[in-house]
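User: Please examine one part of the following model closely and set it in the context of the whole chain.

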Amino acid sequence: MPAVPSPFRPRKKSEPPKDSLIKVPVERAIEHCRVFVDGEALPGEFTAHSAMKTVEEYGRGFVWVGLHEPLESQMTKVASEFNIHELIVEDAVQAHQRPKLERYDDQLFVVARSVNYRDHDEVADKRQIISTGEIQMIIGSNFIITVRHSAKLPNLAYTVQDEQDLVELGPVAMAWKILDMMVDRYSEIVRLIGIEVDEIEEEVFTPQTKFNIDRIYMFKREILEMKHAIDPLSTALKAMISDHKDLISKTIRSYLRDVNDHELVVKDQVASFDERLSSLIDASVAKVTMQQNTDMRTISAVVGMWAAPTLVAGIYGMNFDIMPELHVAWGYYMSLGLMVFVVAVMFWWFRRNHWL
C-alpha cells in the first residue's frame, strides 16, 4: 500500500543568507579605486591590491576606494587588503546607523547621514519629501574607504583638482571634503524648507483663508526625520576637532571647525522650523476651532429665525374654535406679517452681535 503523504510537513531549516550561497565578486561593490600622490590623482582605476602596491612604491600618497552597499563577503575582502578592524567591517555592512566617530587603533570610522529633498508636488508618497542615506568613511594613514548606502557621493578625484595643497594632507582631507559637501547640502535643503514653512505660516495667519492642516503635519514629520539625521553629526565633528590629534592635523581640524560651525547653524534652523511648525499646529487647531464656533453660531441663528415662524404657525394651527384673530378677514396676512417682522428683528439682532 503506497504511503500517504502526511499533511504535517517538517519545518524547513532556515536558509543561510544569499551572501554565503552566491559569492559576488568584490569588484561589483567597488565604484572607483583611485591613488593620490602629491595631491594629484593618478590616471586610471586600480584594484585594491594594486593601489596599495602603488602607494608603497611611491612611498607617499594614499588610496581612495568607493564602495556601494557591499555584502559582508565583499567588505571582508576589501578589509583584508587594508587591515581593517573586524568591528568596522560589521558596521560598514549594516546601514541605518547614527552619525558617529569611532577609533580602532590607528583607524577612524566616521558615519554621516545624507539628506535629500524633493518638492511635495513631485512625489506621490509624501513620506519621500525628505529621504536620508548613509555615508561611512574608514580612514587610515594611507587610505580612505567610503561606503554609501542610499546616498549620492560625487567622484572627488575631479572635485578636488583645484585643492592640491589640501589633498596633500592625506585621507583625512578627503573626509573633510565629503563632510563639507554634505553640510552644504544640509544648508541648501534648509533654505528650501524655510520657503515652504514661510508659505504655510502665511496661509495660517492670513484672515479668511483656507489651509490644509495635513500639510503642516507632513512637514513636521519630515523635519523630525531630518533632525534625527543631522543632530548627532555635531558630536562626531567636535570629537574630530578636539580628539585624535595624532591622526588629524591642525590644518584639517581648522577646516573641520568651520564645517561644525555650519552644521550647528543648520541644526539651529531645523530646531527653529520644528518649533515654528508646532506653533502653527496649535494656531491652526485654534483657528479651526474658532471657525467651527462661528459656523455653529451661524447655524444656531438660522435655526432660531426659522423657529419664530414655526412658533407663530404652530399657535394658529391649534384646533380651537375660540381664538383671537381666528375669524378676522386680515388674520392670515397679519400672521404672515408677524412672522416676517419677528424674523427681521432676529436677523438685525444677530447681525449686530456678529452672529451672521
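What percentage of the contacts in the chain with a separation of 6 or more is accounted for by residues 24 or more positions apart? Please then concentrate on helix H9 (residues 233-242): which of its residues are buried, and against which strands and helices do the buried residues pack?

Analyst: This is a predicted model, in which local features need pLDDT of at least 70 and side-chain atom pairs count only at pLDDT 80 or more, whereas totals for chains, interfaces and linings use all residues. Residues are numbered from 1 along each chain as its sequence is written, and side-chain values use heavy atoms, with hydrogens and water left out.

Residues 24 or more positions apart account for 66% of the contacts (heavy atoms within 4.5 Å) in the chain with a separation of 6 or more. The chain has 356 residues, 40% of them buried, where buried means under 20% relative accessible area with a 1.4 Å probe, protein chains only. Its secondary structure comprises eleven helices and seven strands, taken as DSSP runs (H or I, at least four residues; E, at least two) and numbered from the N terminus.

Turning to H9, seven of its ten residues are buried, and the helix is mostly covered. The buried residues are Leu-233, Ser-234, Ala-236, Leu-237, Ala-239, Met-240 and Ile-241. They pack against two strands, E4 (100-104) and E5 (107-117), and against the helices H7 (171-205), H8 (213-230) and H10 (250-316). Just after H9, His-244 has a positive phi of about 55°.

H9 also contributes to the largest nonpolar core, a set of buried Ala, Val, Leu, Ile, Met, Phe, Trp, Tyr and Cys residues joined through side-chain atoms within 4.5 Å. This core has 57 residues, and Leu-179, Ile-193, Met-226 and Leu-256 have the most contacts inside it. At least two core residues come from each of strand E3 (62-68), E5, strand E6 (130-139), helix H6 (164-167), H7, H8, H9 and H10. H7 supplies the largest share, 16 residues. Beyond its neighbours within four places in sequence, Ile-193 contacts Tyr-117, Ile-130, Ile-223, Met-226 and Phe-273. Another core, of 28 residues, lies apart from this one; among its members are Val-26, Ala-48, Ala-51 and Val-111.

Further along the chain, the unreviewed UniProt entry places the feature "transmembrane region" at residues 299-318 and 330-350. In the model, residues 299-318 are 90% helix and 0% strand, with the end C-alpha atoms 28 Å apart. For residues 330-350 the end C-alpha atoms are 30 Å apart, and the span is 95% helix and 0% strand.

Technical notes
UniProt positions are given in the numbering used here, feature names are shortened, and annotations may be inferred rather than shown by experiment. Buried means under 20% relative accessible area, exposed over 50%, partly exposed in between (1.4 Å probe, protein chains only).
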